[in-house]
Amino acid sequence: MEPQITAFLYQEHVLWIAAFIIGGLSFALGPIAIVYLFMPLKTRQLSDKADQFIECGMDPIGDSWIRYGVVFYLYALIFLAFDVDVLFLFPVALAYDDVMFASSIRDFIEIILFVGILSLAVVYAWIKGVFKWERKTYLRR
Amino acid sequence: MGTENVPSSVIQFALADKLINIGRANSLWPLTFGIACCAIEMMATGCARFDMSRFGAEVFRPSARQSDVMIVAGTITKKMMPGIKTLYDQMPEPKWVMALGNCAISGGPFAFEGQYSIVLGADEFLPVDIYVPGCPPRPEALLQGIIELEHLVSDWKRWKNPEAA
């Protein structure tokens with residue numbers, strides 16, 4: 001069996017790294033510790049509401065975790081489809097005003113194909129009934 | 001009622017406390033909190049003409065958790081009282097309360113028989129440190145109140161006493 005090298009290599013580097021980690025931690029945690037030692041440990045209370053989240057004095061009504069209709073999200077997704085359409089048509093609009101494309105029917109057909117494929121997303125959503133603004137309610141279980 | 005002594009910290013270091021108190025006196029952050037017409041005078045005090053920032057007190061904080069002074073500027077209705085109590089609770093120590101105007105001191109013109117909606121003075125439920133009289137007090141009066149509060153916070157004086165000299 002071959003002798004294995006078990007010597008502690010790069011001792012100095014490890015020390016340096018440890019020193020920097022300790023220094024960083026003390027810079028991060030030190031102020032918190034110092035402040036904890038110097039701060040008053042409690043505040044004078046009149047109605048014990050120091051932990052109330054809302055900072056306007058009024059008691060909050062209900063929870064902030066409410067449900068939105070999913071219709072809004074679908075609408076945003078469909079906006080994305082239109083958006084990408086327009087995004088890719090900008091370079092076309094820039095380049096199309098060139099003599100090279102002026103008489104070519106092939107390029108025009110290519111654009112039609114491209115926009116057609118992109119429009120399939122909209123067509124799909126149309127068939128799925130996204131454009132009908134109905135509140136979709138689900139059973140809450 | 002919250003009028004007991006100011007809670008203390010783990011470490012108490014007199015020299016540091018002195019220094020920290022000078023800092024506190026020179027940067028009293030009031031709570032943005034106007035409940036009646038005295039607040040208009042408070043706004044005027046914060047603006048350029050009277051310029052509260054000369055005394056380091058112009059930083060009106062919209063959150064109670066960042067403010068040092070609650071300036072009770074105006075009439076306290078019984079409906080508003082729980083809200084004021086909550087705001088006082090949410091302020092960190094050390095905290096001070098200033099009653100601005102006659103309504104906040106004693107109910108002012110609302111102190112009459114058969115009156116059912118107004119709390120007669122902020123010191124009915126708050127530990128008030130400084131009273132600024134007036135209906136409403138002029139901005140100079142509020143500035144004077146802030147200077148008095150500075151003297152209360154620290155024994156450091158903004159100006160020397162001209163009579164002592």
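1. A convenient place to begin is a single pair of residues: B:Leu100 has B:Val132, in strand 3 of chain B, as its bridge partner. The model is a predicted one, and the points below should be read with that in mind.

2. That pair belongs to a wider pattern, since strand 2 of chain B, made of residues 96-100, pairs with strand 3 of chain B in the parallel sense over three bridges. In general, the strands of a sheet are joined through backbone hydrogen bonds, and the pairing may be parallel or antiparallel.

3. The sheet in chain B is open and consists of three strands in the order 1-2-3, with parallel pairing. Strand 1 (69-73) and strand 3 (130-132) of chain B are its edge strands, each of them pairing on one side only. On average, neighbouring strands of this sheet are turned by 20° against each other, if direction is ignored.

4. Helix 2 of chain B, residues 38-46, lies across strand 1 and strand 2 of chain B, and runs at about 130° to strand 1 of chain B. Which residues of helix 2 of chain B are buried? They include B:Cys38 and B:Glu41, together with B:Met42 and B:Thr45. These residues lie on the same side of helix 2 of chain B, because they cover an arc of only 105° around the axis. As a general matter, an α-helix has 3.6 residues a turn, so residues three or four places apart point the same way. The cover over the buried residues of helix 2 of chain B includes strand 1, strand 2 and helix 5 (139-153) of chain B.

5. The largest nonpolar core has 38 residues, and B:Met70, B:Ile71, B:Val72, B:Met98, B:Ala99 and B:Leu100 are those with the most contacts inside it. At least two residues of this core come from each of several elements of chain B, among them helix 3 (81-90), helix 4 (102-106) and strand 3. Leaving aside residues up to four places away in sequence, B:Ile71 touches B:Pro30, B:Leu31, B:Phe33, B:Met42, B:Met98 and B:Leu100.

6. Chain A is built from four helices and zero strands, and its elements run α-α-α-α from the N terminus on. How many of the 141 residues of chain A count as buried? The share is 2%.

7. Where the chains meet, 24 residues of chain B are in contact with 18 residues of chain A. The side of chain B that touches chain A comprises, by class, 12 nonpolar, seven polar and five charged residues.

Note on methods:
Residues are numbered from 1 along each chain as its sequence is written. Chains are lettered from A and ligands numbered from 1 in the order in which they are written. This is a predicted model: local features need pLDDT of at least 70, side-chain atom pairs count only at pLDDT 80 or more; totals for chains, interfaces and linings use all residues. Two strands pair if DSSP finds at least two bridges between them. Axes are lines fitted to C-alpha atoms, for helices over the stretch in contact, and angles run from 0 to 180 degrees between N-to-C directions. Two residues are in contact if their C-beta atoms, placed from the backbone, lie within 7 Å. A residue is buried if 20 or more other C-beta atoms lie within 10 Å of its own, exposed if 12 or fewer, and partly exposed in between; C-beta atoms are placed from the backbone. The arc is that of the directions from the helix axis to the C-beta atoms. Ala, Val, Leu, Ile, Met, Phe, Trp, Tyr, Cys and Pro count as nonpolar, Asp, Glu, Lys and Arg as charged, and the others, Gly among them, as polar. A nonpolar core is a set of buried Ala, Val, Leu, Ile, Met, Phe, Trp, Tyr and Cys residues joined through C-beta atoms within 7 Å.
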